[in-house]
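Me: I should like to discuss how the descriptive terms applied to this structure are justified. Please set each value against its criterion and then conclude.

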Amino acid sequence: MDQQHHGKTGISIELAKKIDGEIVSADSMQIYKYMDIGSAKPTKEEMQGIPHYMLDCVEPNKRYSVADYKKEAIKHIKDIIEKGKVPIVVGGTGLYINSLIYGINYEEAEIDQEYRTQLEKQAEEEGLDSLYEKACKIDREAMQNISRNDKKRIIRVLEIYKQTGKTKTELDKKSIQNENEFDFKVFITNMQRDKLYEKINKRVDIMISQGLIEEVKNLLERYKEYPTAMQAIGYKETKLYLDKIITKEEMTEKIKMETRRYAKRQLTWFKRIDNAIWLNMEDSEEKNINKILEVI
RNA sequence: GGGUAGGUGGUCGAGUGGUUAAUGGCACCAGACUGUAAAUCUGGCCGCGAGAGCGUACGAUGGUUCGAAUCCAUCCCUGCCCA
């Protein structure tokens, strides 16, 4: 059958078998329980006995963040190394991958949900401009790279200052002081754009035939709130269908489209990684694995 | 056959004589990205050109006018209603 994740899953498992590896996922949606089909989570059969970490470790009604991810993932990576095995990080969430590659240190700090909600309300009522100006006064440097319209980032600058008394710029500098303690190689999977899009379209049809709608229905019955999980492509669109806001056809097309755009954004992210080795997924799995084995 | 609404750039959809290569939205392309990240945001987007600029565009053809996507005529096509 069709390989998933541009074939990432298949290749990572084959590689793990060859080099005595274990897999640490770097995927912001596969961390959630009960979100299997839509997040294209590898199945038990696919895993073929290779241990996988950072899958199914959060309830969908829980808030989750890179900081949480980084902490947990590093723990697993260290454990794997301790066992004398090779950690293989696999996934498409650029932010999570970055947290590992650049060894970013997130300070212990709970998110002040109340303050965030207050700022969001303020943005709603007064517009973003006043918040933007306020953020500029606090941290002019950070604001150079943040658009007047980027609500989330503007609010984040304000949040950081309120919680820590430090600016985002200061915090960022501090967080990256430590060097990455691991020796690693980065491989990026890619293929010709039209082939990639074709593959995505097919994959979405398969997901739906495998019961995506049922999965989402169950999820919605199970929980009332989804701070981050319902941002997932495939889930939010299916919810719209279940709420009778869009038709099934519209839902299908929207999921395909959003997934294509997401894949594009991932690529933009990965292009920035220095010294990465690009794998052409139109080649055979064997060829790509050999390519990996050559450099590690 | 009669009536009626319409045919605009990849698409949806504004514009109803002159700052209009033509508002927007979407797609598409490119980019950003440190605690929501499968999120959020930015730029480009008729062709050629580095650029000034040049060329070609609003169903088709012809006409009115200094000037038309916009007015007129004929034709072609589509939706709806009546026969």
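Reply: The model is a predicted one. In it, 3 strands form an open sheet in the order β2-β1-β3, with parallel pairing. β2 (52-53) and β3 (86-90) each have a single partner strand, so one side of each is left without a neighbour in the sheet.

Me: What makes β1 and β3 a pair, and in which sense do they run?

Reply: Two strands pair if at least two bridges are found between them. Strand β1 (residues 21-25) and β3 are joined over 5 bridges in the parallel sense, so the criterion of at least two bridges is met. As one instance, Ser25 has Val90 in β3 as its bridge partner. Helix α3 (residues 66-82) packs on this sheet and touches β1, β2 and β3. The direction of α3 makes about 180 degrees with that of β1.

Me: How do you know that β1 and β2 pair?

Reply: The pairing of β1 and β2 is in the parallel sense over 2 bridges. The criterion asks for at least two bridges, so β1 and β2 count as a pair. Within this region, Ile23 stands opposite His52 in β2.

Me: Why is α6 called oblique to α8?

Reply: Helix α6 (residues 129-138) and helix α8 (residues 151-164) have axes that come within 9 Å and cross at roughly 50 degrees. An angle under 35 degrees would count as roughly parallel, and one from 65 to 115 as roughly perpendicular. The value of roughly 50 degrees falls in neither range, and α6 is therefore oblique to α8. The crossing of α6 and α8 is left-handed. Leu131, Tyr132, Lys134, Ala135 and Ile138 in α6 meet Ile154, Ile155, Val157, Leu158 and Tyr161 in α8. By class, the residues of this contact are 9 nonpolar, no polar and 1 charged.

Me: Why are α5 and α8 called oblique to each other?

Reply: Helix α5 (residues 113-126) and α8 pack at an angle of about 135 degrees, and their axes are 10 Å apart. Angles from 65 to 115 degrees count as roughly perpendicular and those over 145 as roughly antiparallel. About 135 degrees belongs to neither class, so α5 and α8 are oblique to each other. The crossing of α5 with α8 is right-handed. On the α5 side the contact is made by Tyr115, Arg116, Leu119, Glu120 and Ala123, and on the α8 side by Lys151, Ile155, Leu158, Glu159 and Lys162. The contact of α5 with α8 has 5 nonpolar, no polar and 5 charged residues.

Me: What makes α12 and α13 roughly antiparallel?

Reply: The axes of helix α12 (residues 235-242) and α13 come within 9 Å and cross at roughly 170 degrees. Angles over 145 degrees count as roughly antiparallel, and α12 and α13 are therefore roughly antiparallel to each other. Glu237, Thr238, Leu240 and Tyr241 of α12 make this contact with Lys248, Met251, Lys254, Ile255 and Glu258 of α13. The contact of α12 with α13 divides into 4 nonpolar, 1 polar and 4 charged residues.

Me: Which residues come nearest to RNA strand B, and which helix gives the most to the surface near the strand?

Reply: A residue is near the strand if its C-beta atom, placed from the backbone, lies within 6 Å of it. There are 49 residues around RNA strand B, of which Ser28, Ser39, Ala67, Leu95 and Ser147 come nearest. α3, α4 (94-101), α8, α9 (168-175) and α13 (248-271) each supply at least two residues of this surface. α13 gives the most, with 10 residues. By class, the surface near RNA strand B has 17 nonpolar, 15 polar and 17 charged residues.

How values were computed:
Residues are numbered from 1 along each chain as its sequence is written. Chains are lettered from A and ligands numbered from 1 in the order in which they are written. This is a predicted model: local features need pLDDT of at least 70, side-chain atom pairs count only at pLDDT 80 or more; totals for chains, interfaces and linings use all residues. Helices (H or I, at least four residues) and strands (E, at least two) are DSSP runs, numbered from the N terminus. Two residues are in contact if their C-beta atoms, placed from the backbone, lie within 7 Å. Axes are lines fitted to C-alpha atoms, for helices over the stretch in contact, and angles run from 0 to 180 degrees between N-to-C directions. A crossing is left-handed if the near helix is turned anticlockwise from the far one by less than a right angle, and right-handed if clockwise. Ala, Val, Leu, Ile, Met, Phe, Trp, Tyr, Cys and Pro count as nonpolar, Asp, Glu, Lys and Arg as charged, and the others, Gly among them, as polar.
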